[in-house]
Amino acid sequence: MWTLGAIGFTSPLVLGALLALPLLWILLRAVPPAPIRRRFPGVALLLGLKDTDTETERTPLWLLLLRAAAVAAAIIAFAGPVLNPSQPKVTPDLPLLVVIDGGWADARDWPRRIERARLIVEEAGRSGRTVAAIRLTDTPARPEFQTAQPVLDRIAGLSPLPFDPMDADWIAALPEGGFETYWIASGLDHPGRSDLLAALQGRGPLRVFETARPVVALAPVAFKDGAVQIRGLRQPAGTQMEVDVAARGLDPAGIDRELARATLTFATGKTETEAALNLPPELRNRLTRFEMAGIRTAGSVTLTDDSLKRRKVALIGGSAGREGLLLLSPTHYLRQALAPVAELIDGSLVDVLKASPDVIILADVARLTAEENNGLVKWVDAGGLLLRFAGPRLAASDVARMEEDPLLPVRLREGGRALGGAMSWGSPRTLAPFAETSPFYGLSVPAEVTVKAQVLAQPDPDLAARSIAMLEDGTPLVTRKALGQGQVVLFHVTANAEWSSLPLSGLFVQMLERLAVSTRPALPEAADLAGQTFAPQQVLDAFGVLQDPTGLPGVPGEALATGQPGPDRLPGLYAGEDRLIALNVISPETSLAPAVWPANVPVEGLEAAQEQPLKGSFLAAALILLAADVLAALLVSGRLSGNLAARLGLVLALLGLAPTEGRAQSGDDAFALTATTELRLAYVVTGDMRVDGLSEAGLRGLGQQLFGRTTVEPAEPIAVDIERDELAFFPFLYWPVTADQPLPSVQAYGKLNEFLRTGGMILFDTRDANTPGGTSAEARRLQLIAAALDIPPLEPIPTDHVLTRTFYLLQDFPGRQNGTIWVEAAPPDAEQAEGMPFRNLNDGVTPVVIGGNDWAAAWAVDERGLPLYPVGRGSGGERQREIAYRFGINLVMHVFTGNYKSDQVHVPALLERLGQ
Amino acid sequence: MTPQSDLRARAEELGQSLPPLLAAAEHLAAAIMLGEHGRRRAGMGDEFWQYRQVHAGDSARMIDWRRSGRGDVQYVREREWQAAQSVSIWVDPSASMRFTGDKARAPKADRARLLALALSVLLLRGGERVGLMGGLTPPRSGRAQAERLARALAQDGAEDYGRPETTGLAAHGQAVLISDFMGDLAAVEDAIGVAMARGVRGALLQVLDPAEEDFPFDGRTIFESMAGSLRYETQRAGDLRSRYLARLAERRERLATLARLSGWQFTQHHTGQGAQPALLWLYRALEAGF
């Protein structure tokens with residue numbers, strides 16, 4: 001085959017005939033069009049007139065070009081042109097290694113990657129090569145070259161994993177000997193990729209398949225300047241792009257919802273963008289994750305941990321009434337330290353308790369009323385952190401002298417002690433390094449921090465265990481005890497600089513942070529996490545969907561601290577002793593780098609360029625040109641009168657316009673009129689012609705039955721595009737689910753939710769006969785589609801659901817199949833009343849009915865009203881079709897009449913009929 | 001085919017075609033009933049004109065006793081003076097009249113004959129004498145004349161363009177020339193000159209096909225006259241249109257001028273239009289001459 005660009009020719013010699021075109025040129029130029037003879041009396045008037053222009057004695061140039069083009073098209077057609085001719089194999093005898101990245105970035109178009117891999121393997125199988133396929137996210141294991149079939153089976157079941165490929169580890173695991181490599185790459189650079197590339201190139205030729213679709217990812221959010229900062233990344237930088245980011249969290253009822261939404265706008269040519277989301281603290285503390293709407297990769301989801309939460313801290317100063325200098329105020333330094341990182345609440349202790357703060361700080365408060373005492377104990381018991389500071393009042397009081405106060409960690413000795421004062425021997429004491437068991441372990445102790453006075457703890461057996469910070473002489477500086485689920489912490493010094501210089505130092509802030517009083521920094525340090533084991537609470541898969549982590553082992557803190565997910569630490573939310581840590585695919589330092597391939601590596605798109613013979617097209621073009629030539633010849637010779645030309649023009653125009661879709665041109669008003677002048681059953685367009693036609697035929701059949709049997713008299717069914725059309729006109733939508741249906745856009749989801757909230761009903765039909773466990777492709781698609789819909793809890797239809805008796809008395813709801821259907825769950829308190837056959841169930845219409853019984857096929861009729869598809873076998877099947885119609889009628893009745901049949905008035909009549 | 005059988009076939013054809021033509025002409029004429037045209041003065045005639053008192057010299061037989069019996073004065077009943085006119089008609093029988101630009105349209109000759117015969121029927125009903133120029137069908141009155149005219153009109157001529165004949169033109173009568181006037185206009189001028197010399201006035205009616213008015217031709221074309229005596233070839237007929245139309249307008253202007261100078265009437269008629277306006281025009285044109 002001889003190729004010219006993307007076009008090859010099967011018999012290129014025929015192209016030589018193109019040389020004859022000039023001959024045609026000369027021939028045609030010489031022969032003018034034949035004249036017409038006309039009888040015309042007016043010739044007497046013409047005598048003596050001269051032609052002004054003698055050019056037309058020859059064939060006009062444009063006609064000549066037309067004819068030459070027609071002949072050329074015919075010649076090219078017979079030369080057998082082929083678009084994208086299959087490339088000859090470079091080394092057809094080498095085994096083939098198919099390398100798939102399989103990381104999170106591949107999730108955005110995983111089916112296309114698998115399809116491409118399948119094509120590659122099939123082609124290799126046809127040419128008799130052995131094949132192996134590896135996924136770089138797997139633990140390296142030396143692959144075996146096999147025949148194509150087992151490899152095909154294997155890659156069909158592959159799915160991407162939510163971390164980066166481990167290129168470097170695979171180098172050692174590459175098969176022996178030479179082989180050719182086809183690498184289906186994600187388009188992102190990973191550590192070790194270039195090494196693996198070099199290793200693969202050393203073994204044989206390498207070909208890379210990449211997609212041009214950008215990878216979009218969400219960096220972990222941070223709280224800065226009073227707002228949540230959202231940072232988006234993408235690769236490659238393209239034109240301007242907008243991505244919506246949904247902030248999700250629990251609503252007050254504990255249900256996962258979208259709480260806020262921000263839009264990231266990538267400017268043209270930029271790979272990074274930021275947006276700020278201003279949220280009230282109440283809302284912000286409930287956030288659990290951020291998702292990019294419409295993008296389904298693990299990189300587009302970022303989970304939030306404690307770092308976004310702002311503690312609510314109540315500050316209670318003991319000397320609130322005293323007029324003193326500001327710097328002497330017991331709470332001044334606390335306020336300075338906490339204001340940037342926590343929500344501060346002021347007020348009396350009783351008031352503050354009602355606001356359920358996370359932390360209450362009592363600065364030198366000695367005496368509490370019984371009410372305050374009980375409230376505080378109860379609050380700490382439920383998980384509050386009570387932080388107390390000593391001071392002159394506490395030292396002077398007799399609190400916890402003889403026995404331990406529940407709200408103090410230790411018993412206190414009277415009076416305390418003063419160091420380094422004018423009347424004492426010692427000098428001010430410094431702090432001892434923190435013990436390993438202390439929560440402050442790891443913080444460096446600055447030498448300038450000195451303690452001049454403190455309250456002293458009574459020696460007790462568990463004093464050592466309760467001390468978490470000590471002075472160099474071993475006297476406790478900070479003590480702590482657990483109380484219920486909460487804890488009480490006492491600083492044995494004042495919160496101001498009166499007794500010590502601790503509040504002036506940076507250590508004070510760090511200690512508050514360690515005590516979880518203030519907000520934690522986003523990234524914990526490895527040392528912080530060392531030695532702890534974190535249990536996964538939620539994990540993400542590569543598509544950014546949260547999965548149940550049951551059965552996954554705990555992760556050591558050191559591994560979490562790397563911030564990079566891996567096979568042993570899937571991205572997700574990990575719970576440690578006192579903190580939640582989110583491990584995201586994208587860490588704050590991550591930047592998406594494009595994979596750069598050496599110039600000698602051919603890079604192809606994912607789309608397999610199919611061989612496409614063009615012979616037919618060229619022949620058709622030649623015929624069209626010849627037909628045009630006929631018209632043109634008529635025109636030139638004057639045989640084409642105006643009338644005929646107009647008619648031909650009309651015919652051509654009609655031919656050109658005929659296939660356009662009628663709906664596309666009609667405006668919204670026309671659609672609204674069509675939809676509302678008569679009652680119409682509507683179905684959702686899936687894009688699959690066969691399914692859509694079936695839906696229409698099915699609803700037509702159901703409509704005819706409704707017309708014949710009930711007072712519901714629907715007109716022809718109507719197709720609804722949920723992206724474009726208004727849904728408010730329809731009471732009922734039939735939605736057949738196909739495996740490759742596109743997900744609705746955000747706007748469409750808005751419309752659908754509005755539709756469901758305002759009393760519309762959607763009948764979802766997966767048409768898969770309820771494959772067990774919802775594992776069919778359609779069912780999985782339905783789960784994806786329905787995830788964002790406002791659907792209440794569902795249950796299999798109970799035998800006393802109102803659908804069983806809105807028109808016919810039914811217990812089965814078959815279509816072509818007969819499986820369970822799901823409707824809105826009955827309220828848990830619904831009980832069967834005495835003497836009533838039915839519970840008084842939902843006070844309204846179930847917004848969705850979900851099943852897989854392929855109802856449209858059972859309802860479908862052709863233009864003459866005859867069934868299109870067989871149902872069941874023999875008369876039993878016809879009975880099933882009848883029941884299917886009855887279900888459809890019941891359903892439409894249910895939509896229109898709601899819970900009318902639940903009305904108790906009908907109970908006696910129904911009882912009587914049931915008795916027969 | 002023997003000449004005899006050929007003659008018979010043509011005779012039958014003629015016999016079949018005549019009544020429809022005559023019927024069509026009668027039908028057309030029925031739409032116009034203007035009555036006989038009196039001379040607007042007392043004289044010989046059938047119509048009552050006026051009563052007048054008896055003069056000396058009136059014979060007793062002239063007295064209208066029915067009128068006079070109602071009073072003391074005797075009256076004489078006078079009748080309007082009526083006189084029959086001779087109208088000579090010439091319909092161009094030449095080949096050029098057999099042209100039609102569209103299969104759906106009748107040739108010009110059909111329309112010309114229809115108009116001529118309808119006019120004859122009208123005139124004959126009015127008591128006038130109608131004949132054809134050329135001397136074969138001299139002016140006569142009476143209904144039988146219509147059939148004779150129809151028979152004579154059916155004759156086709158062989159020449160390309162017609163020349164009006166002036167033989168059989170009744171002196172002081174009226175004349176009607178119906179043709180496309182595509183031939184030599186000098187012949188028309190001669191004929192009108194002869195008619196003027198005999199005190200004949202009349203009307204010219206130019207019958208044209210819309211195709212002749214539009215010239216809807218284009219491309220390389222050889223134009224031939226209907227009998228084939230003239231031939232003209234062009235490479236691009238569309239270019240000739242404006243010049244052709246100019247010549248046609250010039251010819252019409254010449255005819256109109258000729259008619260104006262000689263006191264005749266001239267108009268134009270297209271076969272694409274209805275026949276009745278043309279018939280009405282012809283009738284009025286003749287009436288003005290009476």
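Which residues have the most contacts inside the largest nonpolar core? In this predicted model, they are B:Ile89, B:Leu115, B:Ala118, B:Leu119, B:Ile178 and B:Leu282, and the core they belong to has 63 residues. Helix 3 of chain B, residues 108-125, supplies 12 residues, the largest share of this core. A look at B:Leu282 helps to picture the packing: leaving aside residues up to four places away in sequence, B:Leu282 touches B:Leu115, B:Leu119, B:Val176, B:Ala203 and B:Leu205. A second core, separate from this one, has 57 residues, among them A:Ala337, A:Val359, A:Val365 and A:Leu387. As general background, nonpolar side chains tend to be buried together in soluble globular proteins.

Chain B also holds an open sheet of six strands, arranged in the order 5-4-3-6-7-10 with mixed pairing. Strand 5 (137-140) and strand 10 (265-270) of chain B stand at its edges; each has a single partner strand, so one side of each is left without a neighbour in the sheet. On average, and ignoring direction, neighbouring strands of the sheet are turned by 15° against each other. At one end of the order, strand 5 of chain B pairs with strand 4 (residues 129-132) of chain B in the antiparallel sense, over two bridges. Here B:Thr137 in strand 5 of chain B has B:Leu132 opposite. Helix 7 of chain B, residues 237-262, lies across strand 7 (201-208) and strand 10 of chain B, and runs at about 145° to strand 10 of chain B.

Another pairing in chain B involves strand 1, residues 48-53, and strand 2, residues 75-79; these run antiparallel and are joined by five bridges. Within this pairing, B:Gln50 stands opposite B:Glu78 of strand 2 of chain B. Strand 1 of chain B is hardly covered, as zero of its six residues count as buried.

How, then, do the two chains meet? The contact between them involves 27 residues of chain A and 31 residues of chain B. On the side of chain A that touches chain B, strand 3 (36-39) and helix 2 (43-46) of chain A each supply at least two residues. By class, that side of chain A is made up of 13 nonpolar, seven polar and seven charged residues. Strand pairing also crosses from one chain to the other: strand 3 of chain A and strand 8 of chain B (residues 221-224) pair in the parallel sense over four bridges. In this pairing, A:Arg37 has B:Ile222 of strand 8 of chain B as its bridge partner.

Note on methods. Residues are numbered from 1 along each chain as its sequence is written. Chains are lettered from A and ligands numbered from 1 in the order in which they are written. This is a predicted model: local features need pLDDT of at least 70, side-chain atom pairs count only at pLDDT 80 or more; totals for chains, interfaces and linings use all residues. Two residues are in contact if their C-beta atoms, placed from the backbone, lie within 7 Å. Ala, Val, Leu, Ile, Met, Phe, Trp, Tyr, Cys and Pro count as nonpolar, Asp, Glu, Lys and Arg as charged, and the others, Gly among them, as polar. Two strands pair if DSSP finds at least two bridges between them. A residue is buried if 20 or more other C-beta atoms lie within 10 Å of its own, exposed if 12 or fewer, and partly exposed in between; C-beta atoms are placed from the backbone. A nonpolar core is a set of buried Ala, Val, Leu, Ile, Met, Phe, Trp, Tyr and Cys residues joined through C-beta atoms within 7 Å. Axes are lines fitted to C-alpha atoms, for helices over the stretch in contact, and angles run from 0 to 180 degrees between N-to-C directions.
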